[in-house]
Amino acid sequence: MKILTCTQQKEADAYTIANNNILSINLMEKAASLIADEISKRWDRSHRIVVFAGAGNNGGDALAVARLLFSKSYPVEIYLFNIKGTISEDCMTNIQRLQQCGFTDYHEISNAFEPPKLTAEDVVVDGLFGSGLNKPLSGGFASVVKYINASNAQVVSIDLPSGLMGEDNSNNLRTNIIRADLTLSIQLPKLAFLFPENEDIVGEWKTLDIGISQEFIAQADTPYIITEASEMSQLIKPRKRFAFKNNFGHALLIAGSSGMAGASILAARACLRSGVGLLTIHTPVCNHDILQTAVPEAMVQNDVHELYFAEPVDLDNYQAIAIGPGIGQEEETALATFDQLADCYIPAVLDADAINILSSHRNYLNRLPRRSILTPHIGELERLIGRCNDSFDRLTKAKELAAYLQCYIVLKGAYSTVITPEGKFYFNPTGNPGMATGGSGDVLTGIILALLAQGHSQENAARLGTFVHGLAGDIACRRTGEISLTASDIIAALPEAWKELCETK
Ligand SMILES: NC(=O)C1=CN([C@@H]2O[C@H](COP(=O)(O)OP(=O)(O)OC[C@H]3O[C@@H](n4cnc5c(N)ncnc54)[C@H](O)[C@@H]3O)[C@@H](O)[C@H]2O)[C@@H](O)CC1
Ligand SMILES: Nc1ncnc2c1ncn2[C@@H]1O[C@H](COP(=O)(O)OP(=O)(O)O)[C@@H](O)[C@H]1O
Ligand SMILES: [K+]
């Protein structure tokens with residue numbers, strides 16, 4: 001699913017009106033009827049609906065919602081803020097429609113505002129500003145926002161919480177943005193919904209299909225895409241009747257050190273559950289017996305060192321390599337890692353300590369093989385690119401790094417993001433907060449390694465791996481709940497996740 005900018009959303013509205021034989025006012029009515037349905041599904045007529053409308057089309061939506069709920073016998077009150085004295089045409093039509101249906105609890109505010117008393121039983125419909133917001137809110141509007149936020153009322157925002165910019169909020173003041181319980185976004189989500197710092201502003205979000213031109217959306221140029229299951233399922237290659245293990249690649253996993261054998265076990269098990277033909281784990285001597293016992297399907301190759309990775313491996317027999325889970329950050333390990341990467345001609349994924357080692361030896365960054373996949377969480381990424389002000393800033397800097405290194409970055413977290421060297425952002429919709437537990441990331445490394453070894457491109461391996469990892473996490477979570485979920489539970493759910501994805505059309 002594409003994410004359009006607010007500017008593109010306006011263009012999409014205009015295109016739909018011009019090409020799909022629909023009047024602007026009818027598109028607004030369609031949006032309003034879906035919003036009113038959603039509200040009436042969640043709140044019954046015992047709740048007063050208090051509508052705060054601006055003078056643009058977001059306000060027009062809100063007035064139409066008010067009329068539709070009034071016609072369903074909800075108690076409704078409206079406050080329309082007409083400060084400049086200019087009201088959009090469709091908003092004006094909706095004022096007239098309200099009058100025609102005998103609605104009277106309507107207050108138009110042009111300067112001083114006597115706010116209504118809001119209680120926890122009230123539902124506020126926030127239609128002050130939508131995609132037309134062109135600067136952060138201030139003055140009277142900021143006061144109204146603060147007043148609504150200070151109340152205990154439930155807040156439903158139309159299109160996006162008023163005051164929130166669709167993309168970049170680095171110059172915005174959080175106190176001047178509506179904090180919604182529910183955001184009903186027109187047609188597509190906004191980029192800002194996917195940022196952790198906006199969770200409390202956006203609340204639960206849902207998109208409403210009002211019939212914006214699919215043709216426009218298909219041709220719209222955007223770097224922001226939410227990955228979909230149907231697209232990922234098409235990447236899975238059916239196995240031939242006469243297939244044998246060499247068809248699915250031989251993967252090399254360099255992982256583990258004294259006290260961190262677990263990371264190598266988790267990555268190895270996930271790799272084996274993701275279709276790899278053969279797996280060799282290169283690990284220090286101290287982990288040999290542990291791995292031979294815990295992962296009997298894998299071959300184990302000892303490093304020269306007893307405790308940590310110290311000598312690079314000849315890559316001739318392998319189709320892909322993963323390096324990093326639990327390797328530690330000894331100086332010898334760092335040098336071995338760079339030697340390993342300097343001559344690396346097979347697809348590579350770098351995780352955890354391999355990324356930390358890069359941060360502490362920045363002069364080696366340009367030795368990184370092109371098209372490598374890096375899988376940092378926010379902390380690991382910021383050690384590489386420096387502290388970021390917010391998510392938009394972080395994505396912008398991560399994109400610059402991906403382009404500079406010509407690498408793929410999988411920025412892990414909710415909506416894990418695959419950032420390509422060409423500057424595309426693929427947001428992953430699967431996964432849940434139960435996965436915020438030690439070892440989950442090692443599982444992802446193992447999955448991506450298996451996909452690279454099977455010949456998937458780096459971009460597809462990163463996207464498909466991230467998707468199936470989250471899907472397995474979701475399946476596991478249904479069994480264990482978020483609290484008890486462990487990385488091993490994600491691995492245990494991988495067979496069902498792969499099966500489910502294979503069956504997705
Ligand atoms: N036919 C259409 O175009 C449709 C539009 N829709 C709704 O229309 C919305 C967009 O409507 P508009 O483009 O009219 O924009 P808005 O209703 O978001 O607001 C635009 C108005 O606010 C003013 N403004 C912007 N930033 C301000 C600030 N910081 N302080 C004070 N005033 C500010 C602008 O000058 C303009 O007059 C969408 O979010 C959606 O809710 C939906 O009804 C779907 C159909
Ligand atoms: N709130 C969340 N929602 C979805 N996925 C999450 C969430 N928190 C963590 N995850 C996923 O779990 C994994 C955690 O990885 P990481 O932080 O590297 O853990 P570790 O280093 O312990 O293995 C990542 O793939 C991340 O996307
Ligand atoms: K709004």
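Colleague: What makes up domain 1 and domain 2 in the protein chain?
Modeller: This is a predicted model, to start with. The domain assignment gives residues 6–222 as domain 1, and 230–237 + 246–503 as domain 2. Their C-alpha centres lie 42 Å apart.

Colleague: How many residues does the contact take from domain 1 and from domain 2?
Modeller: It takes 8 residues from domain 1 and 9 residues from domain 2. On the side of domain 1 that touches domain 2, those residues divide into 3 nonpolar, 2 polar and 3 charged.

Colleague: Let's turn to the sheet. Which strands are called edge strands, and why?
Modeller: The open sheet has 7 strands in the order β3-β2-β1-β4-β5-β6-β7, with parallel pairing. Strands β3 (106–109) and β7 (204–208) each pair on one side only, and that makes them the edge strands. From one strand to the next, the twist averages 15 degrees.

Colleague: How do you know that β4 and β5 pair?
Modeller: Pairing needs at least two bridges between two strands. Here 4 bridges join β4 to β5 (residues 154–158), so the two strands count as paired, and they run parallel. To pick out one bridge, V123 has Q154 as its partner in β5.

Colleague: Now the annotated residues. Which ones does UniProt list for "binding site"?
Modeller: The unreviewed entry lists N58, D126 and S162.

Colleague: Why do you say they gather at one spot?
Modeller: They span 105 residues in sequence, yet no two of their C-alpha atoms are more than 9.3 Å apart, so they do gather at one spot.

Colleague: Where is N58, and is it buried or exposed?
Modeller: N58 sits in helix α3 (residues 57–71). The cut-off for buried is 20 or more other C-beta atoms within 10 Å. N58 has 27 of them, so it is buried.

Colleague: What does N58 touch, not counting residues up to four places away in sequence?
Modeller: N58 touches G127, L128, F129, G130, G132, I158 and D159.

Colleague: And D126: where is it found, and why does it count as buried or exposed?
Modeller: D126 is found in strand β4 (residues 123–127). Set against that cut-off of 20, D126 has 30 C-beta neighbours inside 10 Å, so it counts as buried.

Colleague: Which residues is D126 in contact with, leaving aside its neighbours within four places in sequence?
Modeller: The list is F52, V155, V156, S157, I158, P161, S162, I178 and A180. One of these, S162, is also on the UniProt "binding site" list.

How values were computed. Residues numbered from 1 in each chain as written. Chains lettered and ligands numbered in written order. Predicted model: local features only at pLDDT ≥ 70, side-chain atom pairs only at ≥ 80, totals over all residues. UniProt positions renumbered as here; feature names shortened; annotations may be inferred. Buried ≥ 20, exposed ≤ 12 C-beta atoms within 10 Å, placed from the backbone. Contact = placed C-beta atoms within 7 Å. Domains from an automatic or database assignment. Nonpolar A, V, L, I, M, F, W, Y, C, P; charged D, E, K, R; others polar. Axes fitted to C-alpha atoms, helices over the stretch in contact; angles between N-to-C directions.
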